[in-house]
Amino acid sequence: HGKTPKDAASVRATHPIPAACGVYYFEVKIISKGRDGYMGIGLSAQGVNMNRLPGWDKHSYGYHGDDGHSFCSSGTGQPYGPTFTTGDVIGCCVNLINNTCFYTKNGHSLGIAFTDLPPNLYPTVGLQTPGEVVDANFGQHPFVFDIEDYMREWRTKIQAQIDRFPIGEREGEWQSMIQKMVASYLVHHSYCATAEAFAKSTDQAVHEELASIKNRQKIQKLVLSGRMGEAIETTQQLYPNLLERNPDLLFMLKVRQFIEMVNGTDSEVRCLGGRSPKSQDSYPGSPRPFSSPSHKASSSQPYLPGFDSNCCNGVTSNKSHSSSPHSHKPCPPGSGSTLPASDISLNGSRSQQPITSSDVDMEVDHFTNGVTESSSNGFLNGSSKHTTEPDDCDADMEVESAQSKRQLCGGSQAAIERMIHFGRELQSMSEHLRRECGKNSANKKMLKDAFSLLAYSDPWNSPVGYQLDAIQREPVCSTLNSAILG
């Protein structure tokens, strides 16, 4: 009945305030204050409890109508402005230039309410007592407050700062600096052809060999297409010891690989799902083939630091069919023990297949478990198929979408078992890292969130389903790329 804070509830906008807009403004008209007028207007970050008025929780900010107080991530308010009631129009303005927020009432500014605001906040309105009704205006109707005048004032300030900036005889120096910044950006993101063309047009030298840029581009495309096992293997081949020196980075990549297994996009589960004519041997990114019960003894070895040249991302490169399943060398952290790559055991049945050089080539057809993806210069548009330029870096990376219904690990029982086994290995790797390097709350949360996907029959539409979105690959790709560049 609205008598306690437990009766409060909030709603927020679908999208956060755009970081590049400079100034953001919206207004809320109080149609009815209801019984008590316990209303809050403000901002909140994603993940903030919506069963509370804005301002009461961390990363939440609000101006409340019943007492006129402002609440900044706390249940205790500070005197700020007048109360508001039926017929009043309250505006909220976020200035992303200086990260402040002020409110307006019936067209008049009430002064700064909050400073040092974090990014990615959502417009939020909360109500508590019966009969409270509000109407939000995001620009579909004219604003009561003259926001255009406020924006003109800030444009004048910024222009004055630019005009006062001393350039003088250093104009050519600034131009050169900007060109270097652009060139550095292009190289960092592996835009090979563009970087080369820009360097020629500005008489600059590319400070990284094109072959090296293409290597990073190749890894980026693997990550952005969800083929994490192959990305890890390629990284270890092209940049030896990089992941050994960065165990937390390797752990992050492995967790992402687990997520891609759930998604059905990692090569290791796709080949088990019967969508590829290649055997599991074909994917050197595999931590190790799924073991039958007869090989449980060999799968219980502890994780050992270091990287063996004959063991890449957990799969031995031993091509001999006569080697013993118990004679292999230990693998790097997170990969556990392994069987020779030529000896595969799935669901208790064993088969031996020779490894040929063609098997190691990247697969041309890329199935995405019903999710259409595209990759262009390391970025996704997430909407359609895209064929990259036919150079030696891109020719084998064409993406093809499978329009089948999304299923866990692509719907293959063998793939699900492999994913579960990989999860156990990941848990052991986490425990090893905790023993060797101490507690890491970020790693713990990362693993917990990834494992939480298995708690839902439809993980894509679950509260943790955002992890399966292709856009979540981009920060992983960026972190790996930065580590490679050192």
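A salt bridge is taken here as a side-chain nitrogen of Lys or Arg lying within 4 Å of a carboxyl oxygen of Asp or Glu. The legends below apply to a predicted model.

**View 1. The salt bridge between Arg-418 and Glu-268.** The side chains of Arg-418 and Glu-268 meet at 2.5 Å, N to O, in a salt bridge. Because Arg-418 belongs to helix α9 (residues 413-437) and Glu-268 to helix α8 (residues 267-270), this pair ties together parts of the protein that are 150 residues apart in sequence. Both partners are covered: Arg-418 is buried, with a relative accessible area of 0%, and Glu-268 counts as buried at 1% relative accessibility. A search of the whole structure finds 11 salt bridges, and further examples appear in the next two views.

**View 2. A salt bridge within helix α7 and the network around it.** Glu-260 and Arg-256 form a salt bridge through their side chains, with an N to O distance of 2.9 Å. The two residues are four positions apart in helix α7 (residues 247-263), and are therefore separated by about one helical turn. An α-helix has 3.6 residues a turn, so residues three or four places apart point the same way. Glu-260 is buried, as is Arg-256. The pair does not stand alone, since Arg-256, Glu-260 and Arg-473 are linked in a network of salt bridges.

**View 3. Helix α5 and the salt bridge between Glu-230 and Arg-227.** Helix α5, which spans residues 228-238, is mostly covered, with nine of its 11 residues buried. Among these buried residues are Met-228, Gly-229, Ala-231 and Ile-232, together with Glu-230. The side chain of Glu-230 meets that of Arg-227 in a salt bridge at 3.0 Å, N to O. Glu-230 is buried, with a relative accessible area of 7%, and Arg-227 is likewise buried, its relative accessible area being 1%.

**View 4. Pro-240 and Leu-243, in the loop after α5 and in helix α6.** Pro-240 is found in the loop between α5 and α6 (242-245), where it counts as partly exposed at 48% relative accessibility. When residues up to four places away in sequence are not counted, Pro-240 touches Thr-235 and Arg-245. Leu-243, by contrast, is found in helix α6 and is buried, with a relative accessible area of 4%. Leaving aside neighbours within four places in sequence, the contacts of Leu-243 include Ile-232, Thr-235 and Gln-236, as well as Leu-249, Leu-250, Leu-253 and Leu-480. Leu-243 and Leu-253, which are 10 residues apart in sequence, have their C-alpha atoms 9.6 Å apart in space.

**View 5. The largest pocket and its lining.** The largest pocket holds about 330 Å³ of space. Its lining consists of 13 residues, and those nearest the centre of the pocket are Arg-256, Ile-259, Met-446, Gln-467 and Gln-472. Helices α7, α10 (441-452) and α11 (473-485) each supply at least two residues of this lining. By residue type, the lining of the largest pocket divides into eight nonpolar, two polar and three charged residues. Arg-256, one of the residues nearest the centre of this pocket, is also linked with Glu-260 and Arg-473 in the salt-bridge network of View 2.

**View 6. Two loop residues with positive phi, His-59 and Cys-409.** Phi of His-59 is near 65°, a positive value in a residue other than glycine. His-59 is found in the loop between β3 (39-45) and β4 (60-64), and counts as partly exposed at 36% relative accessibility. Phi of Cys-409 is near 55°, again a positive value in a residue other than glycine. Cys-409 has its place in the loop between β15 (349-352) and α9, and counts as buried at 1% relative accessibility.

**View 7. The whole protein, for orientation among the close-ups.** The protein contains 11 helices and 15 strands, and 46% of its 486 residues are buried. Among contacts with a separation of 6 or more, 65% are accounted for by residues 24 or more positions apart. The accessible surface comes to about 23,600 Å², and 53% of this surface belongs to carbon and sulfur atoms.

Technical notes: Residues are numbered from 1 along each chain as its sequence is written. This is a predicted model: local features need pLDDT of at least 70, side-chain atom pairs count only at pLDDT 80 or more; totals for chains, interfaces and linings use all residues. Side-chain values use heavy atoms; hydrogens and water are left out. Buried means under 20% relative accessible area, exposed over 50%, partly exposed in between (1.4 Å probe, protein chains only). Contact means heavy atoms within 4.5 Å. Accessible areas come from the Shrake-Rupley method with a 1.4 Å probe; for residues, only the protein chains shown count as cover. On a 1 Å grid over the protein atoms alone, a cavity is a set of points where a 1.4 Å probe fits but cannot get out, and a pocket is an open set with protein on both sides within 12 Å along at least five of seven lines; lining residues have an atom within 4 Å of a point. Grid points are joined across faces, edges and corners, and a volume is the space filled by probe spheres set on the points. Ala, Val, Leu, Ile, Met, Phe, Trp, Tyr, Cys and Pro count as nonpolar, Asp, Glu, Lys and Arg as charged, and the others, Gly among them, as polar.
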